[in-house]
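Trainee: Could you take me through one part of this structure slowly, looking at how oppositely charged side chains pair up and where they sit? I would like one connected explanation that I can follow with the model in view.

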Amino acid sequence: MTTPAGTILLVDDHAVVREGYRSMLQKQPGLRVVAEAADGAEAYRLFKEVRPDLVIMDLTMPGVGGIEGIRRIRQWDRGARILVFTMHENAGFAVQAIRAGARGYATKSSPPETLVRAVMDVLAGRIAISPDIDHELALSRLAGERAAADVLSAREFEVMQMLLAERTTDEIASALHLSPKTVANLHSLIKDKLGVASDIELVRLALRQGLLT
C-alpha cells in the first residue's frame, strides 16, 4: 500500500497514546510526526509554527477541545487537512467535526489499518469516514428527535460539551477567549435551539443522543 508523504501534527491529551500512534504512523513510508499537542489551543499555535500537511485531532481534551481547535485552524488556513481520531462513536460528533472543517473522522476502536487508510485519503484530498461512523450517520437520519449536531453551530456544540463537563462560565470564557456574558448568552441559545428549559433537561437530551461521556 503506497502512502502519500506528509508531515503530521498529532493532537491528543494523553502522552502515551500519542507515543503509540506516532510509532505506528512513522512506520509508514513518507509519514513523519513533526509536532504534538495536548489540546486545541496548543494545536492551533503549533499548526501556525510548523505548517504540517495533516493534523490528527482528538475531540475531548482538557482546555480547548477538538471541535474548537478545528474551527480555529480552519479559520487561519482554509486549506488545512484535519483528520479526527477519537473515541466518540457517535454521529453527532462526526457531523460537528466535519461542519467545523475536518476532512475525515475515524474512531479509536477501528483497526490500525483504518487509521492509516484515513490518513492516506485525507492527505490525497479525499473525505475519509470510518465504516462504523458511516453506519451511525445513516442510522441517525432515521431517529425522530432533532439531533443537537443538526441545530447547533460548531462553537455552540463546543460550549455545550464544556457545560456537560461541568465547566463554569468563567472557565469556558477563558478557554474560548470569550466574555462571560457571551458564554451565558450561548448557554441560553443552546437550550432554546434544543427545546430544553433547564440544564437537567440538557443533560437528559445529551444522554439520549449519546453525547455525554
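Mentor: Let us start with D58 and K108, which in this predicted model form a salt bridge whose closest N and O atoms are 3.4 Å apart. D58 belongs to the loop between β3 (54-57) and α3 (66-76), while K108 belongs to the loop between β5 (104-107) and α5 (112-123), so this pair ties together parts that are 50 residues apart in sequence. The two partners also deserve a look one by one: D58 is buried, with a relative accessible area of 5%, whereas K108, with a relative accessible area of 25%, is partly exposed. Here it helps to know that a residue counts as buried when its relative accessible area is under 20% and as exposed when that area is over 50%, with partly exposed in between.

Now move to R155, which forms a salt bridge with E68, and here the closest N and O atoms are 2.7 Å apart. R155 lies in helix α8 (residues 154-164) and E68 lies in helix α3, so their salt bridge ties together parts that are 87 residues apart in sequence. Both R155 and E68 are buried. The contacts of these charged side chains go further than one pair, since a network of salt bridges links E68, R71, R72 and R155.

Because R155 lies in helix α8, that helix is worth following along its length. It is mostly covered, with 11 of its 11 residues buried. Among the buried residues of α8 are the charged R155, E156 and E158, and the list also includes F157, V159, M160, M162, L163 and L164. What surrounds them? The cover over the buried residues of α8 includes α3, α4 (91-100), α7 (148-151), α9 (169-176), α10 (180-194) and α11 (199-208). After the helix comes E166, whose phi is positive, near 65°.

A third pair can be set beside these two. R22 and E36 meet through their side chains in a salt bridge, at 2.2 Å from N to O. R22 lies in helix α1 (residues 15-25) and E36 in strand β2 (residues 31-37), so this pair ties together parts that are 14 residues apart in sequence. R22 is partly exposed, with a relative accessible area of 25%, and E36 likewise counts as partly exposed, at 24% relative accessibility.

To place these pairs in the whole, note that the structure holds 13 salt bridges. The protein chain carries 26 positive and 27 negative side chains, and the centres of these two sets lie 6 Å apart. The chain has 11 helices and 6 strands, and its radius of gyration is 17 Å, close to the 17 Å that the globule rule gives for 213 residues, so the chain is as compact as a globular protein of that length. Of those 213 residues, 50% count as buried. Among contacts with a separation of 6 or more, 65% are made by residues 24 or more positions apart, and the salt bridges of D58 with K108 and of R155 with E68 are good places to look for links across the sequence, since their partners are 50 and 87 residues apart.

Technical notes
Residues numbered from 1 in each chain as written. Predicted model: local features only at pLDDT ≥ 70, side-chain atom pairs only at ≥ 80, totals over all residues. Heavy atoms only, no water. Helix = DSSP H or I, 4+ residues; strand = E, 2+ residues; numbered from the N terminus. Rg over C-alpha atoms; globule rule 2.2 N^0.38 Å. Buried < 20%, exposed > 50% of the residue type's maximum accessible area, 1.4 Å probe, protein only. Contact = heavy atoms within 4.5 Å. Charge placed at Lys NZ, Arg CZ, Asp CG, Glu CD. Salt bridge = Lys/Arg side-chain N within 4 Å of Asp/Glu carboxyl O.
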